[in-house]
Amino acid sequence: MKYLVGLLLSFCAAWALAAVEINTANEAELDSVNGLGPASTARILAARSQGPFVDWPDLMRRVSGIRPATARRLSRNGLTVNGVPWEPATTNGAASTAIGSDVTPGKAP
């Protein structure tokens, strides 16, 4: 049992060290992320030369070809933006910004 716990802890530590931070990684480190090739790495480095990426949405706005599905895959393969893995945007609260959102459903205004 101790062997399995030790093995699990070693695996977790190795995975944590495998994270690649997009704002500090060099070309070789970015190329090492499964799903990034020379062309996408070049686009990332060109966009990053204009300033660091603030978050995943900023990365997706500034680098063509990176959409939510790609971001999810890259994050699963160790890529982070400011140390944060990809988290898809939620729609919770979206209704609160809609026109007429001050009306409670089922009640007259």
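**Exercise 1. Which side chain meets Asp-58 in a salt bridge of 3.8 Å, N to O?**

Ground rules come before the solution. The model is predicted: local features need pLDDT of at least 70, side-chain atom pairs count only at pLDDT 80 or more, and totals for chains, interfaces and linings use all residues. Residues are numbered from 1 along each chain as its sequence is written, and side-chain values use heavy atoms, with hydrogens and water left out.

*Solution.*
1. Apply the cut-off: a salt bridge needs a side-chain nitrogen of Lys or Arg within 4 Å of a carboxyl oxygen of Asp or Glu.
2. The partner is Arg-61, at 3.8 Å, N to O.
3. Check the spacing. Asp-58 and Arg-61 sit three residues apart in helix α4, so about one helical turn separates them. Helices here are DSSP runs (H or I, at least four residues), and strands are runs of E (at least two), numbered from the N terminus.
4. Check exposure. Buried means under 20% relative accessible area, exposed over 50%, and partly exposed in between (1.4 Å probe, protein chains only). Asp-58 is buried at 9%. Arg-61 is exposed at 62%.

**Exercise 2. Find the second salt bridge of Asp-58, then trace the network.**

*Solution.*
1. The structure holds two salt bridges.
2. Asp-58 also pairs with Arg-62, with the closest N and O atoms 2.9 Å apart.
3. These two residues are four apart in helix α4, again about one helical turn.
4. Arg-62 is partly exposed, at 31% relative accessibility.
5. Shared partners join Asp-58, Arg-61 and Arg-62 into one network.

**Exercise 3. Describe the largest nonpolar core and place Leu-79 in it.**

*Solution.*
1. Define the set: buried Ala, Val, Leu, Ile, Met, Phe, Trp, Tyr and Cys residues joined through side-chain atoms within 4.5 Å.
2. The largest such core has 19 residues. Those with the most contacts inside it are Ile-22, Leu-30, Ile-44, Phe-53, Leu-59, Ile-66 and Leu-79.
3. Elements giving two or more residues are α3 (38–48), α4 (56–62) and α5 (68–76). Helix α4 gives the most, with three.
4. Now list the contacts of Leu-79 (heavy atoms within 4.5 Å). Leaving out residues up to four places away in sequence, Leu-79 touches Val-20, Ile-22, Leu-30, Val-33, Trp-56, Leu-74 and Pro-85.

**Exercise 4. Examine the backbone at Asn-82.**

*Solution.*
1. Recall the rule: most residues other than glycine have a negative phi.
2. Asn-82 is not a glycine, yet its phi is positive, about 55°.
3. Locate the residue: Asn-82 lies in the segment after β2 (79–80).
4. Asn-82 counts as partly exposed, at 45% relative accessibility.

Terms used
Contact means heavy atoms within 4.5 Å.
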